[in-house]
Amino acid sequence: MAASERYPIKWRAHKGEPAPERHFRWYVPPALTGRIAFLLSAAALAGLAGCGGGERQDANEPGGDYKVEVVKASFPSDQKLAKRSQLVIVVRNADSKKIPDISVTMNGLDYRKDDPELADQKRPQFVINGRFKKFGNIEDAQALTPNGVENPAYVNTWSLGPLEPGESKRFRWDVTAVKAGPYELDYTVSAGLDGKAKAVDANGEAPQGTFTGDVSDAAPQTKIAADGHTIIPAKD
């Protein structure tokens with residue numbers, strides 16, 4: 001007996017309606033199912049590869065050097081465990097031409113924990129705080145970073161788009177320390193995301209800097225607000 005004959009679809013006819021034709025479920029052997037899925041995946045990948053005619057992602061990014069000045073770079077050197085703080089970097093286009101995509105790469109928010117039992121040995125020393133945004137009827141937490149979320153294609157890099165001559169833009173991260181001990185954060189400013197547009201300072205080098213300090217494990221000081229029940233941070 002054919003496989004389709006073993007799985008007939010049952011129909012319930014209503015009074016006054018013509019009886020429908022008999023239909024059968026399709027049966028596809030598992031081996032053939034895997035082959036079809038592979039062919040469909042290959043076709044989809046080929047279609048994606050064909051989009052844009054194989055054009056490089058950085059094909060439209062202009063090359064060259066762009067003068068960038070770091071106007072401000074601040075982050076408290078003395079931190080407390082579980083206490084929020086602001087990491088701020090302000091950059092200015094010191095050139096006469098528009099910067100394609102001003103961005104900052106920040107390393108050091110995470111640290112590596114050498115433990116063979118861990119599937120992922122990267123652990124946070126500072127976590128980027130989030131806020132809830134509503135999309136229709138769904139609430140989603142987005143990081144309080146300069147552009148909302150980290151650029152998924154570039155690790156630890158955030159961009160704020162084009163920067164006109166003389167214009168400044170402010171990068172701000174709202175973070176909380178979650179691991180006590182010394183820390184070191186290194187940042188580098190770029191004029192683009194794909195390496196063709198390069199940011200340079202007054203010395204012709206890539207604008208960069210380092211924040212160092214220590215996170216204390218002392219509990220943060222808190223107090224009760226005027227309403228009698230809300231707990232708020234106490235001023236240091």
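## Arginine 92 and its partner

Arginine 92 comes out as partly exposed, at 27% relative accessibility. Keep in mind that this is a predicted model. The residue's charged partner is glutamate 69: the two form a salt bridge, and their closest N and O atoms sit 3.0 Å apart. Since glutamate 69 belongs to strand β1 (residues 64–74) and arginine 92 to strand β3 (residues 84–93), the pair ties together parts that are 23 residues apart in sequence. Glutamate 69 is partly exposed as well, with a relative accessible area of 35%.

## The other salt bridge

How many salt bridges are there by this rule? The count comes to 2. Besides the pair just described, the side chains of aspartate 174 and arginine 84 meet in a salt bridge, at 2.7 Å from N to O. Here aspartate 174 lies in strand β11 (residues 168–177) and arginine 84 in strand β3, so this contact ties together parts that are 90 residues apart in sequence.

Are the two ends of this bridge buried or exposed? Aspartate 174 is buried, with a relative accessible area of 6%, while arginine 84 is partly exposed at 47%. As a general point, side chains of opposite charge can pair when their charged atoms come close.

## A buried aspartate without a bridge

Now for an acid that goes without. Aspartate 101 sits in the loop between β3 and β4. It is buried yet has no salt bridge. What is the nearest side chain of opposite charge? That would be lysine 169, 7.1 Å away, and a salt bridge by this rule needs the N and O atoms within 4 Å.

So what does aspartate 101 touch, leaving aside its neighbours within four places in sequence? One group of its contacts is Ser159, Leu160, Gly161 and Pro162. The other group is Ser190, Ala191, Gly192 and Leu193.

## The five-stranded sheet

Strand β4 is part of an open sheet of 5 strands, in the order β2-β14-β12-β4-β10, with mixed pairing. The edges are β2 (78–80) and β10 (157–159), each of which pairs on one side only. On average, neighbouring strands of this sheet are turned by 30 degrees against each other, direction ignored.

Inside the sheet, β4 (residues 103–107) and β12 (residues 181–190) run antiparallel and pair over 5 bridges. To find a spot to look at in this pairing, try valine 104, which stands opposite valine 189 in β12.

## An exposed loop residue

Asparagine 60 is found in the loop between α1 (30–50) and β1. At 68% relative accessibility, asparagine 60 counts as exposed. Which distance goes with its 40-residue separation from proline 100? In space the two are 9.8 Å apart, C-alpha to C-alpha.

## The chain overall

Zooming out, the protein chain has 1 helix and 16 strands. Of its 236 residues, 26% are buried. The accessible surface comes to about 16,000 Å², and carbon and sulfur atoms hold 53% of that.

As for contacts, take those with a separation of 6 or more: 66% of them are between residues 24 or more positions apart. The aspartate 174 to arginine 84 salt bridge, for instance, joins parts that are 90 residues apart in sequence.

Conventions. Residues are numbered from 1 along each chain as its sequence is written. This is a predicted model: local features need pLDDT of at least 70, side-chain atom pairs count only at pLDDT 80 or more; totals for chains, interfaces and linings use all residues. Side-chain values use heavy atoms; hydrogens and water are left out. Helices (H or I, at least four residues) and strands (E, at least two) are DSSP runs, numbered from the N terminus. Buried means under 20% relative accessible area, exposed over 50%, partly exposed in between (1.4 Å probe, protein chains only). Contact means heavy atoms within 4.5 Å. Accessible areas come from the Shrake-Rupley method with a 1.4 Å probe; for residues, only the protein chains shown count as cover. Two strands pair if DSSP finds at least two bridges between them. Axes are lines fitted to C-alpha atoms, for helices over the stretch in contact, and angles run from 0 to 180 degrees between N-to-C directions. Lys and Arg count as positive and Asp and Glu as negative; His and the chain ends are not counted.
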